[in-house]
Every structure is written in structure tokens, then in C-alpha cells.
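Visitor: I am new to this structure and would like a close look at one part of it. Please start with a single residue and work outward from there.

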Amino acid sequence: MATIELYLENSYLKECSANIVSIQDRFVVFDQTIFYPGGGGQPCDRGIIKQGDETYNIINSKKSGW
């Protein structure tokens, strides 16, 4: 299942809802994302994910082959 890359459609999005596809160690794969994975000299996006009362810091994002 490929992740829908919402940042390609609208680079100004600040939030979206997403479902978790898989979790492996500290890495989480979502069905869609607004986080740019970086590459070609461009740094990756950073931000937060909120789930209920919990907040998680995103310090790195990358494309995955899962």
C-alpha cells in the first residue's frame, strides 16, 4: 500500500487525518502524509502528531518501501 503524498497536492497543508499502516520500532507508516521526506538538498519536514491527548514529535521523515 502506497502512502498518499498530500504535500505534492498542496504544500501549504498544516494538518490532516491519517491512519497508521504499520509500526516498526520508532518508525510509523501512515496511509497519507503532509510531511515532505526531504531529498535533493531539501531538508525533511518536522512537526507533531496528535492522537487524543498524546503529542508525538516528528524529527525525521522519509519515504519507505514497506
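Guide: Tyrosine 7 has a relative accessibility of 10%, and because the limit for buried is under 20%, tyrosine 7 counts as buried. The model is a predicted one, and every value here is computed from it. The ring of tyrosine 7 has a partner in tyrosine 36: the two centres are 5.5 Å apart and the planes stand at 90 degrees. An angle over 60 degrees counts as edge-to-face, so that is the name for this pair. The count of aromatic pairs comes to 1.

The two tyrosines come from distant parts of the chain, 29 residues apart. Tyrosine 7 belongs to helix 1, which covers residues 6-9, while tyrosine 36 lies in the loop between strand 4 (32-33) and strand 5 (47-51). Tyrosine 36 has a relative accessible area of 27% and is partly exposed, whereas tyrosine 7 is buried.

Next comes glutamate 5, in strand 1 (residues 4-5). The side chain of glutamate 5 meets that of lysine 63 in a salt bridge, with 3.1 Å from N to O. A search of the whole structure finds 1 salt bridge. This contact also links distant parts of the chain, since lysine 63 is in the segment after strand 6 (54-58), 58 residues from glutamate 5. Glutamate 5, at 24% relative accessibility, counts as partly exposed; lysine 63, at 57%, counts as exposed.

Another lysine, lysine 62, has its charged end over the ring of phenylalanine 27, 5.6 Å from the ring centre.

On the other side of helix 1 in sequence, the loop between helix 1 and strand 2 holds tyrosine 12. Tyrosine 12 counts as exposed, with a relative accessibility of 71%. Tyrosine 12 and isoleucine 34 are 22 residues apart in sequence, and their C-alpha atoms are 8.9 Å apart in space.

Last is the largest pocket, which holds about 1,400 Å³ of space. Its lining is made up of 40 residues, and Val28, Phe30, Phe35, Ile49 and Ile58 lie nearest the centre. Strand 2 (20-24), strand 3 (27-30), strand 4, strand 5 and strand 6 are the elements that each give two or more residues to this lining. By class, the lining has 22 nonpolar residues, 9 polar ones and 9 charged ones.

Key: Residues numbered from 1 in each chain as written. Predicted model: local features only at pLDDT ≥ 70, side-chain atom pairs only at ≥ 80, totals over all residues. Heavy atoms only, no water. Phe/Tyr/Trp six-rings, centres within 6.5 Å; stacked < 30°, edge-to-face > 60°. Helix = DSSP H or I, 4+ residues; strand = E, 2+ residues; numbered from the N terminus. Buried < 20%, exposed > 50% of the residue type's maximum accessible area, 1.4 Å probe, protein only. Lys NZ or Arg CZ within 6 Å of the ring centre and 35° of its normal. Salt bridge = Lys/Arg side-chain N within 4 Å of Asp/Glu carboxyl O. 1 Å grid on protein atoms, 1.4 Å probe; cavity = no way out; pocket = protein on both sides within 12 Å on 5 of 7 lines; lining within 4 Å. Points joined across faces, edges and corners; volume = space filled by probe spheres on them. Nonpolar A, V, L, I, M, F, W, Y, C, P; charged D, E, K, R; others polar.
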